[in-house]
Amino acid sequence: MTNQPLLEVRDLQTVFELDEGIVKAVDGVSFDVYSGKVLGIVGESGCGKSVTIKSVLRLIEKPGRIANGAIRFRSKILGNSSAEMIDLVHLPAKSAQLRALRGNEIALIPQEPMAAFSPVHTIGNQLMEVIHLHQQVSDDEAKKIAVTRLKEVGVPNPESAMDRYSWELSGGLRQRAMIGMALTCNPLLLIADEPTTAIDVTTQAQVLSLLRKLQQEHQTSIIFITHDLGVIAQLADDVVVMYLGKVMESGPVDQIFHNPQHPYTRALLRSIPTVHTKNRSRLPTISGSIPHPFQKRTGCPFVARCQEALPQQRCSNQAPVLKAINEHQSVSCFLHEEEVNVC
Amino acid sequence: MSAELAQSKLTANTPMPPERLLEVKELKKYFPIRKGFFKSVVGQVRSVDGVTFHLNQGETLGLVGESGCGKTTTSRCLLHAINPTSGEIRYRQADGQLVDVTQLATDQLRPLRREMQMIFQDPFASLNPRMNLLDLVGEPLLVNGVANRKERSDRVADLLRLVGLRPEYMRRFPHAFSGGQRQRIVIARALALNPRLVVADEPVSALDVSVQAQVLNLLLDLQEQLKLTYLFVAHDLSVVRHISDRVAVMYVGRIVEMSPTDELFLAPKHPYTAALLSAVPVADPRIRSKMQPLEGDVPSPSDPPSGCHFHPRCAFATDLCRQQAPDLEEVQPNHFVACHRQAELALTGVSEPI
């Protein structure tokens, strides 16, 4: 069972059809999420990580659409047997099936808890709404579940927190309440979209250790999206590195950090300042900036900034595909093919 | 020179070591909380509550702390962008004269403002979308008397080249530039008047990691080239370690520790500094679970705890800490700590540079 993925994303393509042209925000992304594991998706802004998870939740709105690919999820309520996987792409938008899934088996922790909570409803109200949507319980029982969840995520005085509004809570408490809300229905898959970017390091450490604890207790799978490589290193089991809508490299966290194969992963790791660097030293940088999404490109998306691009324009004329280089790790780069050829 | 200016210089005539550019003493900024129909003052938000530090010429002082600790308010008070409630900010002008910035009137501040400039956090919010680069970067020049259009555009071209942008882009508008490029524009604008002191308030926190490194390198290069002094305000400790000569750590309106960068990171002496350092996620999956999160939240500066502000979250707090606030004392040359128990505590910082 553990070897079977809970979620399989295959060749996902999400495009936005704008007047100025078509933006391929997600361009052929594939990854697996195993149950009880944390998958980290890293990338800079505009690399398509948020669009990817919005596609998984089927929350892409016009002018965007999922153009291609499959998102197979092992659902307990929709599937007939535990072996069957449901392709979320084929479920009709706004269908009852999707609604039954969202917030129940797949839950989201959004980036900004301030914007995600309604300011005119109490925390308790909003938690109980989720419970009523997915479980046939009385008000009292729903309240009991909500209080237990808040207690679980470490909200002090959960009973009184139920009657408070989101703006009365501090940033850390608000994010805890958000995590509590995402966990109300014991989801199989928890998607966390940069849950710690808006908060301070000490609060971030609290939230991260909370997520790790909950994940170990409930065996929930987590997709964790961030641009902070430190957070990924601390939390993830597997990592997907994205750049301009494509997967550059994927593999176990230890391989990605200690044996990165793609030039982009290597450059990204080199360029982050850490608390261990000597002070006033120059950082190695990635030259240039992220190309504009409208820009038409053939070949590897990273070629313009790549220091290891192959001669004879191969990287700019031809697009590499994601290939498995060993049991766990996959890389989308010609460099690796070359090495194989040489061997 | 007006009589008032002479007066303000008189109050600032106690000697300041020659290497110092700026000295801040007991700086306080309280914001009143008003309530009711008559808007009577019912309390004070003590954003900055007795902050003392100094800046040497040509160095970078990193000012770190969590949100709401008063680091931005401190930096704004330095430039006199907001009026401090009390305290002294002594600044050595280019001609060697000492002035107390807090005592100056608006028109006396004008010439000083040329010497002190600010780089803001969000390059998407701090650039007017209706002005092109020539106007944006040239505006400080225009305000300060460079009226000749040709002269101005030459200077703007020089500035753009200095920060690594192409002068041909001068007629373009900010929307045509990426985040990193915009921050370069903001830096060019801050440097337009040849400042001596640059206050950078979270200049890279809105940027992507790959671009962050470029801007940090640029700031280091410019400092060497132009002999700038930086006050670098940030919450990201890794960035601060990278760029600062010395670091000051703030907690609820007060400085709790200030020392040379390496000393602070390798051997912190204040429990809060140590907690802050241990909270930074290490970008190495093999070094896991060293995070020992601090319990609780940052207290509100309108109602700070008694004694040492950190005592409710401190694992080492005693009765003395609850009753009496510790002073910031120099425990080693150049290492200042505000903790009653600093001598007996053996705190660990981060591991040696890799």
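In this predicted model, a good place to start is helix α5 of chain B, where Arg152(B), Ser153(B), Val156(B), Ala157(B), Leu159(B) and Leu160(B) are buried. Those buried residues sit on the same side of α5(B), because they cover an arc of only 165 degrees around the axis. Turn to the face pointing away from that buried side and you meet the exposed residues Lys150(B) and Arg161(B). So what lies over the buried residues of α5(B)? The cover includes two other helices of chain B, α4 (133-143) and α6 (179-191).

The geometry of this helix checks out too. α5(B) runs over residues 149-162, and at 1.5 Å a residue its 14 residues should span 20 Å; the end C-alpha atoms are 20 Å apart, so expectation and model agree. Have a look at both ends while you are there. At the start of α5(B), Asn148(B) brings a side-chain oxygen to within 2.8 Å of the backbone nitrogen of Lys150(B). Past the other end comes Gly164(B), which follows α5(B) and has a positive phi, near 85 degrees.

Now pull back to see how the two chains meet. The contact involves 50 residues of chain B and 50 residues of chain A. The size of an interface is often given as the accessible area lost when the parts come together. Here, about 4,300 Å² is buried between chain B and chain A, and carbon and sulfur atoms give 53% of that area.

What about charged pairs across the interface? The count between chain B and chain A is one salt bridge. Its partners are Arg286(B) and Asp254(A), whose side chains meet at 2.9 Å, N to O. Counting polar contacts with both residues at pLDDT 80 or more, you get seven residue pairs between chain B and chain A. On the chain B side, the elements that give two or more residues to the surface touching chain A are α7 (209-226), α8 (237-243), α9 (261-266) and α10 (271-279). Which of these gives the most? That would be α7(B), with ten residues on the side that touches chain A.

Cross over to chain A and pick out Val201(A), which is found in helix α8 (residues 201-218) of that chain. Leaving aside residues up to four places away in sequence, Val201(A) touches Leu276(B) and Ala279(B). Val201(A) counts as buried because its relative accessibility is 16%, and the cut-off for buried is under 20%. To get a sense of distance within chain A, compare Val201(A) with Ile66(A): they are 135 residues apart in sequence and 36 Å apart in space, C-alpha to C-alpha.

Another buried residue of chain A is Thr52(A), in helix α1 (residues 49-56). Its relative accessible area is 0%, so Thr52(A) is buried. What surrounds it? Again setting aside residues up to four places away in sequence, Thr52(A) touches Leu12(A), Val26(A), Val29(A), Phe31(A) and Met242(A).

Keep following chain A into the loop between α1 and β4 (64-73), and you come to Pro63(A). The peptide bond leading from Lys62(A) to Pro63(A) is cis, with omega near 10 degrees.

Two backbone spots with positive phi are worth a stop, one in each chain. Lys94(A) is in the loop between β5 (86-87) and α2 (96-101) of chain A. Although Lys94(A) is a residue other than glycine, its phi is positive, near 60 degrees. Is Lys94(A) buried or exposed? It counts as exposed, because its relative accessibility is 74%. In chain B, the residue to look at is Val252(B), in the loop between β9 (246-251) and β10 (254-260). Val252(B) is not a glycine either, yet it has a positive phi of about 45 degrees. Val252(B) is buried, though, with a relative accessible area of 1%.

Finish with a proline of chain A: Pro156(A), in the loop between α5 (139-152) and α6 (158-162). With a relative accessibility of 54%, Pro156(A) counts as exposed. Pro156(A) and Leu173(A) are 17 residues apart in sequence, and their C-alpha atoms are 8.9 Å apart in space.

How values were computed:
Residues numbered from 1 in each chain as written. Chains lettered and ligands numbered in written order. Predicted model: local features only at pLDDT ≥ 70, side-chain atom pairs only at ≥ 80, totals over all residues. Heavy atoms only, no water. Helix = DSSP H or I, 4+ residues; strand = E, 2+ residues; numbered from the N terminus. Expected span 1.5 Å × (residues − 1). Buried < 20%, exposed > 50% of the residue type's maximum accessible area, 1.4 Å probe, protein only. Arc of directions from axis to C-beta. Contact = heavy atoms within 4.5 Å. Polar contact = N/O pair within 3.5 Å; in protein donor to acceptor, adjacent residues only side chain to side chain. Buried area = accessible area lost by both parts, 1.4 Å probe. Salt bridge = Lys/Arg side-chain N within 4 Å of Asp/Glu carboxyl O.
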